[in-house]
Amino acid sequence: MPRRNSAIEYGSVTKTFHWLTALLILSAIPLGLIATNLAHRIEAGETDLIGLTTLLFSLHKTIGIAAFATALGRIIWAISQPSPGLLNGARRTEANLAGTVHWLLYGAMLITPLSGWVHHAATSGFAPIWWPLGQTLFFVPQSAVVADAASTVHFLASRVLIISILLHVAGALKHHLIDKDDTLRRMLPLAKATTTPSPAQPGHALPLVAAGIIWLGILGAGAAPALISLPANSESAAQQTAAAGDWQVENGTLALTIRQMGSDVAGKFSDWTAQISFVDDPAQDRNGSVRVEVTIGSLSLGSVTGQAMGADFFDEAKHPRAVFEADILRDGDGFVADGTLSIKGNAVPVRLPFALELNGNQADMTGEMTLDRRDFRIGASVDEAGTLAFEVGIAVALTAQRVASAN
Ligand code: HEM
Ligand code: HEM
């Protein structure tokens, strides 16, 4: 069989590309659907599914990237080839419908994996792609906005793909079983075309325009609202609520790092308040006190944000706030906030060492500590450190202004 297409038949390269793409895509679809379903069950509390879900997502992504590479190769090859003419070109409506579905398939072959990849690259806390080429994409920033928009596009494009495949297969079977022509046979490996294309050929213009309009409609209607509403979730919009007290927090970050399946996942709380009273008095051990209240629901933790809110983790629905109350004590050159941290109804003694730089009425504070999530009964069902490490890193950095005295 010739490698190249001719005016009457598909060559071996086109056929190999066609069936390889079909195999990869038809594997990626059920893996994506099953893994997404499992992820929802984890959010509902079935945390013993984390290992299996990560495995299926890694498989889904790796096969998806292979499908993307194959689709690119296929398209480059198709551009350099003639296409054998249709066997039933005289039936214009049918031919235009088949052509439109082909263009939808070509679009979905690229848009589906690319949007999945962008979603993956824009977030952390992921099941890795099994390859040595890194997990990021040079043109994709780490951003919840980008990740959410890409996730919407991925969902929509995968639905276009599924519907198009159903129509495409129905068409192929109709040719084979009802029309009893060679359309399916000439795409099969090793088969040779025996029928010559019909003289009438409707051309690509109308199907291409139709598929373009469908793509614009679907992506415009589906992804545009996501893109417009997303700035509300954006990290840059996360502002501290001003705190009362001797010192007022101007800005700051409350970050945490977990280690999941061997990869660090960084997150932060965007809504927390701190009431700080502090007097720098070297003669005293106790120099003040602090009370921090954290809104658990304001946590963004890469792709595992939803899971973190679940009953086995922060149980946000029942325990929407964490509170840290501490005395500020002198500790060598620096200070330590020595007190109690209450998360999920568990009050645990905690020491947060921190450095303080005082410049007139401005104070810059940075501190770090490591907590053990088991002390707070967080992720109790995941008692395996390789899946989710017990240590959780906490980093605080804030700038506060001294509040002018009332008298
Ligand atoms: C041809 C290739 C691909 C197909 C057909 C495909 C299809 C799907 C499908 C059907 C789902 C379930 C969506 C739902 O029901 O909500 C899904 C989810 C997902 N896919 Fe893919 N996918 C492909 C490639 C990729 C690639 C290359 C990546 C990443 C590198 C990826 C990442 C994801 C992620 C993270 C989800 C979880 C749902 C979400 O977006 O939040 N996919 N995919
Ligand atoms: C994920 C799955 C699939 C994708 C993405 C896909 C995509 C495509 C595309 C884009 C074409 C047009 C080829 C060209 O432009 O020259 C095509 C042709 C064809 N496909 Fe598929 N296909 C898939 C699965 C299948 C399956 C399962 C069947 C069989 C039941 C099938 C049967 C055919 C046939 C017979 C043709 C030739 C049509 C003709 O000669 O006019 N495809 N496919």
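This is a guided tour of a predicted model, going from one ligand to the other and then out to the strands and two single residues.

Before selecting anything, note that residues are numbered from 1 along each chain as its sequence is written, and that chains are lettered from A and ligands numbered from 1 in the order in which they are written. In this predicted model local features need pLDDT of at least 70, side-chain atom pairs count only at pLDDT 80 or more, and totals for chains, interfaces and linings use all residues, while side-chain values use heavy atoms, with hydrogens and water left out.

**Stop 1: ligand 1**

Select ligand 1 together with the residues around it, where a residue is near a molecule or strand if one of its heavy atoms lies within 4 Å of it. There are 24 such residues, of which His60, Gly116, Ser151, His154 and Arg159 come nearest. By class, the shell around ligand 1 holds eleven nonpolar, eleven polar and two charged residues; here Ala, Val, Leu, Ile, Met, Phe, Trp, Tyr, Cys and Pro count as nonpolar, Asp, Glu, Lys and Arg as charged, and the others, Gly among them, as polar.

Now zoom in on the iron atom of ligand 1, whose protein donors are His60 (NE2) and His154 (NE2), lying 2.0 Å from it. Donors are N, O and S atoms within 2.8 Å of the metal (3.2 Å for Na, K and Ca), and water is not among the atoms, so sites may look incomplete. Six donor atoms surround this iron atom of ligand 1 and subtend angles of 85 to 179 degrees, which makes the arrangement octahedral. Four donors count as tetrahedral if all angles lie between 85 and 135 degrees; four count as square planar and six as octahedral if opposite donors are over 155 degrees apart and all others between 65 and 115; anything else is irregular.

The two histidines link distant parts of the chain, with His60 in helix 2 and His154 in helix 4, 94 residues apart. Helices (H or I, at least four residues) and strands (E, at least two) are DSSP runs, numbered from the N terminus. His60 is buried, with a relative accessible area of 15%, whereas His154 is partly exposed at 22%; buried means under 20% relative accessible area, exposed over 50%, and partly exposed in between (1.4 Å probe, protein chains only).

Next show the side chain of Ser151, where an N or O atom is 3.1 Å from an oxygen atom of ligand 1. The elements giving two or more residues to the shell around ligand 1 are helix 1, helix 2 (50–79), helix 3 and helix 4.

**Stop 2: ligand 2**

Move the selection to ligand 2, which is surrounded by 20 residues, the closest being Tyr10, His18, Tyr106, His168 and Arg186. The shell around ligand 2 divides into 13 nonpolar, five polar and two charged residues, and helix 1, helix 3 (92–122) and helix 4 each supply at least two of its residues.

Here the iron atom of ligand 2 is coordinated by His18 (NE2) and His168 (NE2), at 2.0 Å. His18 lies in helix 1 (residues 12–43) and His168 in helix 4 (residues 144–179), so the pair ties together parts that are 150 residues apart in sequence. The six donor atoms around the iron atom of ligand 2 subtend angles of 86 to 179 degrees, and the arrangement is therefore octahedral. His18 is buried, at 12% relative accessible area, while His168 counts as partly exposed at 27%.

Add the side chains of Tyr106 and Arg186: a polar side-chain atom of Tyr106 lies 2.9 Å from an oxygen atom of ligand 2, and an N or O atom in the side chain of Arg186 is 2.9 Å from an oxygen atom of ligand 2.

**Stop 3: strands 1, 2 and 5**

Select strand 1 (residues 247–260) and strand 2 (residues 263–269), which run antiparallel and are joined by seven bridges; two strands pair if DSSP finds at least two bridges between them. In their hairpin, which has two residues between the strands, look for Met261, which takes a positive phi near 50 degrees.

Then centre on Lys268 in strand 2, which has Ala255 opposite it and also stands opposite Ser300 in strand 5. Strand 2 and strand 5 (residues 299–300) pair in the antiparallel sense over two bridges.

**Stop 4: two single residues**

Leu114, in helix 3, is partly exposed, with a relative accessible area of 34%. The C-alpha atoms of Leu114 and Gly64, 50 residues apart along the chain, are separated by 8.9 Å.

Finish at Glu391 in strand 10 (residues 391–402), which counts as partly exposed at 48% relative accessibility.

Notes. Polar contact = N/O pair within 3.5 Å; in protein donor to acceptor, adjacent residues only side chain to side chain.
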